[in-house]
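Reader: I should like to learn how the features of a protein model are read from its coordinates. May we take them one at a time, beginning with the sheet?

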Amino acid sequence: MQVFYANQFVLPLPPGHRFPMEKYQLLRDRLAAELPQIRLMRAEPASDGELALVHTPGYIQAIGDGSVDPKVMREIGFPWSPAMAERARRSVGATIAASRAALREGLAANIAGGTHHAYPDKGGGFCVFNDAAVAARLMQAEHARRRRTPLQVAIVDLDVHQGNGTARIFRDDPSVFTLSLHGQKNFPFRKEASDLDVDLPDGTGDDAYLHALERALEELSHRFDPEFVIYLAGADPHEGDRLGRLKLSWDGLEARDRRVFDWAWQRGLPLAFAMAGGYGTRIEDTVQVQVNTFSAAVDHALRWHNRPR
Ligand SMILES: [Zn+2]
């Protein structure tokens with residue numbers, strides 16, 4: 001399975017900043033040490049043209065040269081630096097590369113990405129550009145060279161926060177279905193309308209969550225006929241998360257991931273996934289949730305590899 005990274009560009013943060021930037025390196029080290037089935041590949045940065053499939057030229061330029069409105073930078077939550085701008089581009093590039101690889105091989109991933117709070121003209125909540133949205137539009141454009149009907153893309157967002165940027169970007173686009181399962185009382189406090197939103201109360205545990213996921217996937221299948229899936233496997237529904245407010249156990253999260261992979265497998269759908277959020281009180285716990293996602297993914301990739309052709 002091909003897995004793309006962008007974390008050679010470490011974003012410098014002031015001491016005590018609440019974003020756990022080290023998690024990307026920790027995850028990459030553990031994947032390299034524990035899952036030899038994974039081929040770690042460096043991603044190329046997304047180009048201006050690729051970003052402009054979703055983002056406004058003015059915003060792309062402002063992120064590039066540091067002229068972003070200070071209010072927007074405060075909403076993003078990172079200080080601007082050239083490294084921040086480069087990292088944001090690389091992270092989108094990693095989801096693009098994972099999407100292309102998934103469309104060839106069935107499954108691939110970005111060890112970062114899932115920056116679903118980014119809108120066309122502004123970022124927010126630690127998100128600069130919306131990698132899943134850019135990748136979805138780019139895969140559609142590449143697909144359109146061969147076929148007249150648009151590639152039907154489902155974005156399955158199981159980060160604990162609503163995918164508000166993604167919902168807004170595709171609000172009037174019937175070729176992309178946005179599903180978001182998230183904490184009702186969690187950020188963002190003004191939610192957008194996804195194609196399907198599932199609001200979960202504080203403290204939701206494994207059983208109620210998995211039941212809600214099952215119903216949501218059923219409804220998605222009933223209303224939409226996807227050909228490609230982008231999955232945001234956020235680690236922040238975990239009970240050890242500082243920001244999550246839900247109570248999923250290790251087993252519950254692993255069952256969640258396996259359910260999404262099985263659902264895609266049963267329908268023959270190629271799937272690319274990205275990490276999205278994770279703010280464990282212990283950073284090792286967030287990384288463990290993510291390693292478990294990759295373990296489940298390796299099993300799923302093997303099925304694709306061994307399938308009859
Ligand atoms: Zn989140």
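Reader: In what order do the strands of the open sheet lie, and what is the sense of their pairing?

Author: A general idea comes first: strands of a sheet pair through backbone hydrogen bonds, either parallel or antiparallel. The model here is a predicted one. Its open sheet has eight strands in the order β2-β1-β3-β8-β7-β4-β5-β6, and the pairing is parallel. From one strand to the next, the twist averages 15°.

Reader: Which are the edge strands?

Author: They are β2 and β6 (196–200), each of which pairs on one side only.

Reader: How many bridges join β1 to β2, and how many join β1 to β3?

Author: Strand β1 (residues 2–5) pairs with strand β2 (residues 39–42) over four bridges, in the parallel sense. Valine 3 has leucine 40 of β2 as its bridge partner. With strand β3 (residues 107–110), β1 shares three bridges, again parallel; here phenylalanine 4 stands opposite asparagine 110. As a general matter, side chains in a regular strand alternate between the two faces of the sheet.

Reader: How many bridges does the pairing of β4 with β7 contain?

Author: Strand β4 (residues 153–157) and strand β7 (residues 228–232) are parallel and paired over five bridges. Within this pair, alanine 154 stands opposite valine 229 of β7.

Reader: Let us turn to helix packing. What angle and what axis separation describe α9 and α10?

Author: Helix α9 (residues 250–266) packs on helix α10 (residues 283–306) at an angle of about 30°, and their axes are 9 Å apart. Angles under 35 degrees count as roughly parallel, and α9 and α10 are therefore roughly parallel to each other. The crossing of α9 past α10 is right-handed. On the α9 side the contact includes Trp250, Leu253, Phe261 and Trp265, and on the α10 side it includes Val289, Ala296, Ala297 and His300. By class, the residues of this contact are seven nonpolar, three polar and four charged.

Reader: How is α1 oriented with respect to α10?

Author: Helix α1 (residues 22–34) and α10 have axes that come within 10 Å and cross at roughly 45°. That angle makes α1 oblique to α10. Here too the crossing is right-handed, as α1 passes α10. Among the contributing residues are Leu26, Leu27, Arg30 and Leu31 of α1, together with Ile283, Val287, Val291 and Phe294 of α10. The contact of α1 with α10 divides into seven nonpolar, two polar and four charged residues.

Reader: Which backbone angles deserve attention in the loops?

Author: The general expectation is that most residues other than glycine have a negative phi, and that most peptide bonds are trans. The bond from phenylalanine 187 to proline 188 is cis, with omega near -5°. Proline 188 belongs to the loop between β5 (176–183) and β6. Phenylalanine 126, a residue other than glycine, has a positive phi, near 65°; this residue lies in the loop between β3 and α6 (131–144).

Reader: Finally, which residues does the UniProt domain annotation cover?

Author: The unreviewed UniProt entry carries the annotation "domain: Histone deacetylase" for residues 17–282. In the model that span is 42% helix and 13% strand, and its end C-alpha atoms lie 15 Å apart.

Definitions and conventions. Residues numbered from 1 in each chain as written. Predicted model: local features only at pLDDT ≥ 70, side-chain atom pairs only at ≥ 80, totals over all residues. Axes fitted to C-alpha atoms, helices over the stretch in contact; angles between N-to-C directions. Helix = DSSP H or I, 4+ residues; strand = E, 2+ residues; numbered from the N terminus. Parallel < 35°, antiparallel > 145°, perpendicular 65-115°, else oblique. Left-handed = near helix turned anticlockwise from the far one by under 90°. Contact = placed C-beta atoms within 7 Å. Nonpolar A, V, L, I, M, F, W, Y, C, P; charged D, E, K, R; others polar. UniProt positions renumbered as here; feature names shortened; annotations may be inferred. Pairing = 2+ DSSP bridges.
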